[in-house]
Amino acid sequence: MGNPNLPSTVGVLGGGRMGAGIAHAFLVKGANVLVVERDEESAQAARERVESAAARSIERGATDGNLDEMVSRLSVTVDYDDFADRRLVIEAVPEDWDLKVTSLRGIEERLARDAYLASNTSSLSVNGLARELQRPNNFLGLHFFNPVPASTLIEVVLGERTSPDLALAAKRWVEALGKTAVVVNDAPGFASSRLGVAIALEAMRMVEEGVASAEDIDAAMVLGYKHPTGPLKTTDIVGLDVRLGIAEYLHSTLGERFAPPQILKDKVARGELGRKTGKGFFDWAG
């Protein structure tokens with residue numbers, strides 16, 4: 001099958017919700033996809049996520065193709081060495097600087113010199129990550145959005161040393177995936193996280209101050225500004241811990257306007273992380 005505008009062999013490090021979504025996006029468009037996970041249990045869970053997403057896409061009629069043929073192009077392992085033949089590898093591990101750097105270095109040292117490497121970071125500095133690599137010209141940010149199958153946006157984040165060829169290729173990849181590229185130069189929070197987090201933090205302060213309920217604040221943005229989902233429900237979907245991590249980073253780089261509200265810190269401390277734990281600003285249980 002294959003798609004001439006996509007790399008024929010794609011790797012993804014991390015098969016959680018985002019990584020599995022990224023793997024699925026390339027798989028249904030014809031690429032040969034490898035997912036590498038940290039252990040066998042995680043690898044099996046990643047395989048099930050990707051295969052389930054592919055099956056749902058076929059059932060909904062969102063993609064043509066045969067599930068068995070798609071699955072035959074999917075490999076899930078626990079060995080970084082398997083990245084050696086990939087033309088593009090996307091890192092999709094949690095938003096932790098040291099983990100990102102270690103992961104990206106581990107991938108890069110196994111790739112061919114002309115292969116490309118990308119990070120799915122939603123806020124960390126692409127230039128900073130590039131400085132930790134041997135071939136920064138072959139590196140950029142590809143910020144996919146959750147849930148990947150339903151999202152039509154990918155933020156292409158260019159570092160100072162990202163090659164023009166890679167920048168052009170990345171736009172072609174996004175279009176081949178059936179999504180829209182927003183190209184930004186590296187800056188704290190890029191465009192999407194910076195704006196999204198700013199709105200979400202203000203919404204949290206309004207709940208904290210008793211201005212309105214979470215339901216009514218979200219309704220104001222959905223009905224008044226045509227947002228598909230309100231900022232607090234979006235926070236629940238993304239994960240309050242993820243939002244807190246991004247806010248803390250933006251606070252350190254952009255100043256007090258991104259200081260995380262106490263209500264966010266308290267909810268994370270209580271384990272109220274949103275949809276994945278059943279409770280955040282909304283109740284997701286049942």
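Start with strand β1: T9, G11 and L13 point one way from it, V10 and V12 point the other way, and all are buried. With five of the five residues of β1 (residues 9-13) buried, the strand is largely enclosed by the rest of the structure. Keep in mind as you look around that this is a predicted model.

From β1 you can walk across to β2. Five bridges join these two strands, which run parallel, and V10 stands opposite V33 in β2. V33 takes you one strand further, because its bridge partner in β3 is L74. The pairing of β2 (residues 32-36) with β3 is parallel as well, and it rests on four bridges.

Now look at the two sides of β3 (residues 74-77). L74 and V76 make up its covered face, while S75 and T77 make up the uncovered one. So L74, the partner of V33, sits on the covered side under the 20% cut-off for buried residues.

Another parallel pair is β4 (residues 88-91) with β5, joined by four bridges. Here I90 stands opposite A118 in β5. Strand β5 (residues 116-119) sends Y116 and A118 one way and L117 and S119 the other way, and all of them are buried.

That brings us to the packing. In soluble globular proteins, nonpolar side chains tend to be buried together. In this model, the largest nonpolar core has 40 residues, and F26, L142, F144 and W173 touch the most other members. Which helix gives the most to this core? Helix α6 (residues 164-176) does, with seven residues.

L142 is a good place to stop and look around. Setting aside neighbours within four places in sequence, L142 is in contact with I90, A118, S119, N120, I154, E155, V156, A170 and W173. Two of those names, I90 and A118, are the residues that stand opposite each other across β4 and β5. W173, for its part, is listed with L142 among the core residues that touch the most other members. Apart from this core lies another one, of 21 residues, and L124, Y249, L254 and F258 are among them.

What about empty space? The structure holds one cavity of 30 Å³ or more, and about 40 Å³ of space lies in the largest cavity. Its lining is made of E108, L111, A115, L117, L133, R135, N138 and F139. By class, that lining has five nonpolar, one polar and two charged residues. You've already met L117, one of the buried residues of β5.

Next, helix α2 (residues 40-60), where Q44 lies. S42 is in α2 too. Is S42 buried or exposed? At 11% relative accessibility, S42 counts as buried, whereas Q44 is partly exposed, with a relative accessible area of 42%. As for reach along the chain, the C-alpha atoms of Q44 and G15 are separated by 9.3 Å, with their positions 29 residues apart in sequence. S42 and A130 are 88 residues apart in sequence and 28 Å apart in space, C-alpha to C-alpha.

Finally, some backbone oddities to check in your viewer. Most residues other than glycine have a negative phi, and most peptide bonds are trans. In this model, a cis peptide bond joins N146 and P147, with omega about -5 degrees. P147 has its place in the loop between β6 (139-144) and β7 (153-158).

Two residues go against the usual sign of phi. F190 is not a glycine, yet its phi is positive, near 55 degrees. You'll find F190 in the loop between β8 (180-185) and α7 (192-208). K226, also not a glycine, has a positive phi of about 65 degrees, and K226 is found in the loop between α8 (214-225) and α9 (231-238).

How do these two compare in burial? F190 counts as buried, at 5% relative accessibility, while K226 counts as exposed, at 69%. The cut-offs behind those labels are under 20% for buried and over 50% for exposed.

How values were computed:
Residues numbered from 1 in each chain as written. Predicted model: local features only at pLDDT ≥ 70, side-chain atom pairs only at ≥ 80, totals over all residues. Heavy atoms only, no water. Core = buried A, V, L, I, M, F, W, Y, C linked by side-chain atoms within 4.5 Å. Buried < 20%, exposed > 50% of the residue type's maximum accessible area, 1.4 Å probe, protein only. Contact = heavy atoms within 4.5 Å. 1 Å grid on protein atoms, 1.4 Å probe; cavity = no way out; pocket = protein on both sides within 12 Å on 5 of 7 lines; lining within 4 Å. Points joined across faces, edges and corners; volume = space filled by probe spheres on them. Nonpolar A, V, L, I, M, F, W, Y, C, P; charged D, E, K, R; others polar.
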